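Here is a short tour for anyone who likes to think in contacts and strand orders. Have the viewer open as you read.

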Amino acid sequence: MYNVEEIRKDFPILGREVYGRPLVYLDNGATTQKPRCVVEAMTDEYYNVNANVHRGVHFLSQQATELHEAARETVRRFLNARSTAEIIFTRGTTESINLVASCFGEACMREGDEVIVSQMEHHANIVSWQLVQARRGIRLRVIPMNDRGELLLDEYERLFNDRTRIVAVTHVSNVLGTVNPVRRMIETAHAYGVPVLVDGAQAVPHMPVDVQALGADFYAFSGHKVYGPTGVGVLYGKEEWLDRLPPYMGGGEMIDHVSFERTTFAPLPLKFEAGTPDYVATTGLARALDYVSRLGMDQIQAHEQQLTRYALERLRQIPGMRILGSAAEHDAVVSFLVGDIHHLDLGTLLDRQGIAVRTGHHCAEPLMRRLGVEGTVRASFGLYNTQAEVDALVEGIERAAAMF
Ligand code: PLP
């Protein structure tokens, strides 16, 4: 039984008020709130275990290393990766994507080579490739979408040619909520011998993800969007690909031997983890993944899907409501505009009623241009949101709209 009222008790912040109103937190696409078990595990590690990992012979260092490596195993299990060698800890999705773009660009791309991205990418999966473009003269090719916010798969297939080196695509759009058919898209890419990087920032918190079943060559996500701490994320990469790529940064921990003449690198995954990792955050991330696994990703998905359907139904009844994105496969994100009310005004008026939503271009300016808007208001749901909160959102919008 999925008991949302019981679940909410695990998140102290949900009990607070803003402007004298109960907080209605609907900005989960930006970041999620943290359950007590995550914060307590991190506090406990700082109070009782803290020591640098992989370096010391002493007791605390070994214990901290065990926690850090146990967290890697938790992530491996969560994504169903083959081996912990395939789990790289990063600072988040952005760093994971930059790592792939930079290292893959260096090892596998020359002037005139092409990367395929989609119309609905977050800036993290556009600008990282533009940096490679500036350094190596590669080209970005863009998969177009229809007005419902679904990628056009025929057009996608037509983009492949003998200069295509990699596909980099988001699993779920952070603006439209579209769930892209990444498994099918990966099959297509593999038929052309091209690897695929999937941006899973908005997928991992909302649905079960199995990287082997998807066939992804690289898969990125952020800890803070899946009820874990900030400052930690993951890059999954197939071992055969990670082995082929050069290191991302140089420093401690990522080496085997160093001399002024020649340095050899540590085996995976440490080759990509220069410097002291945020080993307390990796423990926090592991507790967060344990937490959502205990609730069940299927159960979380069912709860959020029901909430999203309810929200869409109710929002559509508001006069002047324009919902952006109506893909058949839709996740827990709803972007909208009401009449000619500016998104920032609407967001501000909702905020004054205690309702936290996101406004603006959502780090997806090319998508905004395709939609013909400057920005939207975005409500994004998490595992602890309730139908009553959707009602509060609808009433909040109606109240705000009445002021115009
Ligand atoms: N990709 C998508 C689809 C996102 O929604 C986000 C964050 O909003 C990112 C990448 C970047 O994530 P982070 O800022 O945690 O690195």
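## Charged pairs

Glu69, Arg72 and Glu273 are linked in a network of salt bridges. Keep in mind that this is a predicted model. In general, side chains of opposite charge can pair when their charged atoms come close. Over the entire structure there are 23 salt bridges, and three of them are set out here.

| Pair | Closest N to O distance | Accessibility |
|---|---|---|
| Glu6 and Lys9 | 2.7 Å | Glu6 partly exposed, 42%; Lys9 exposed, 51% |
| Glu389 and Arg8 | 3.2 Å | both buried |
| Glu187 and Arg183 | 4.0 Å | Glu187 partly exposed, 49%; Arg183 partly exposed, 47% |

Which parts of the chain does the pair of Glu389 and Arg8 tie together? Glu389 belongs to helix H14 (residues 387-402) and Arg8 to helix H1 (residues 4-8), so this salt bridge joins parts that are 381 residues apart in sequence. Both of its residues are buried.

The pair of Glu187 and Arg183 stays within one element: helix H7 (residues 182-191) holds both residues, four residues apart, which is about one turn of the helix. The N to O distance for this pair is 4.0 Å, and a salt bridge is counted within 4 Å.

## The seven-stranded sheet

Now turn to the strands. Seven of them make an open sheet in the order E4-E10-E9-E8-E7-E5-E6, and the pairing is mixed. Strand E4 (87-90) and strand E6 (139-143) stand at the edges with a single partner strand each, so one side of each has no neighbour in the sheet. From one strand to the next, the twist averages 20°.

Two pairings show the mixture in practice. E4 and E10 run antiparallel, with four bridges between them; here Ile88 has Leu235 in E10 as its bridge partner. Strand E7 (residues 164-170) and E8, in contrast, pair in the parallel sense, again over four bridges, and Ala168 stands opposite Leu197 in E8.

Are the faces of strand E8 covered or open? Both faces of E8 (residues 196-199) are covered. Val196 and Val198 are buried on one side, and Leu197 and Asp199 are buried on the other. As a general point, side chains in a regular strand alternate between the two faces of the sheet.

## Lys225 and its surroundings

Following the chain on from E8 brings us to Ala201, in the loop between E8 and helix H8 (211-214). Why does Ala201 count as buried? Its relative accessibility is 9%, and the cut-off for buried is under 20%. Setting aside neighbours within four places in sequence, the contacts of Ala201 are Thr93, Ala220, Phe221 and Lys225. The C-alpha atom of Ala201 is also 8.7 Å from that of Gly29, although the two residues are 172 residues apart along the chain.

Lys225, one of those contacts, sits in the loop between strand E9 (218-222) and strand E10 (233-237). Lys225 may catch a computational chemist's eye: this residue is buried yet has no salt bridge. How far away is the nearest side chain of opposite charge? That side chain is Asp27, at 8.0 Å. The side chain of Lys225 does reach the backbone oxygen of Ala30, at 3.1 Å. Beyond its neighbours within four places in sequence, Lys225 is in contact with Gly29, Ala30, Thr32, Ala201, Gln202 and Pro205.

## The four-stranded sheet

Further along the chain, four strands form an open sheet in the order E13-E14-E17-E16, with antiparallel pairing. Strand E13 (321-324) and strand E16 (358-360) are the edge strands, each pairing on one side only. The twist in this sheet averages 30° from one strand to the next.

At one end of that order, E16 and strand E17 (residues 376-380) pair in the antiparallel sense over three bridges. One of the residues to look for is Thr359, whose bridge partner in E17 is Val377. Helix H11 (residues 297-315) packs on the sheet, where H11 touches E13 and strand E14 (333-338). The direction of H11 makes about 10° with that of E14.

Methods
Residues are numbered from 1 along each chain as its sequence is written. This is a predicted model: local features need pLDDT of at least 70, side-chain atom pairs count only at pLDDT 80 or more; totals for chains, interfaces and linings use all residues. Side-chain values use heavy atoms; hydrogens and water are left out. Helices (H or I, at least four residues) and strands (E, at least two) are DSSP runs, numbered from the N terminus. Buried means under 20% relative accessible area, exposed over 50%, partly exposed in between (1.4 Å probe, protein chains only). Lys and Arg count as positive and Asp and Glu as negative; His and the chain ends are not counted. A polar contact is a pair of N or O atoms within 3.5 Å; within protein, one must be able to donate a hydrogen and the other to accept it, and residues adjacent in sequence count only if both atoms are side-chain atoms. Contact means heavy atoms within 4.5 Å. Two strands pair if DSSP finds at least two bridges between them. Axes are lines fitted to C-alpha atoms, for helices over the stretch in contact, and angles run from 0 to 180 degrees between N-to-C directions.
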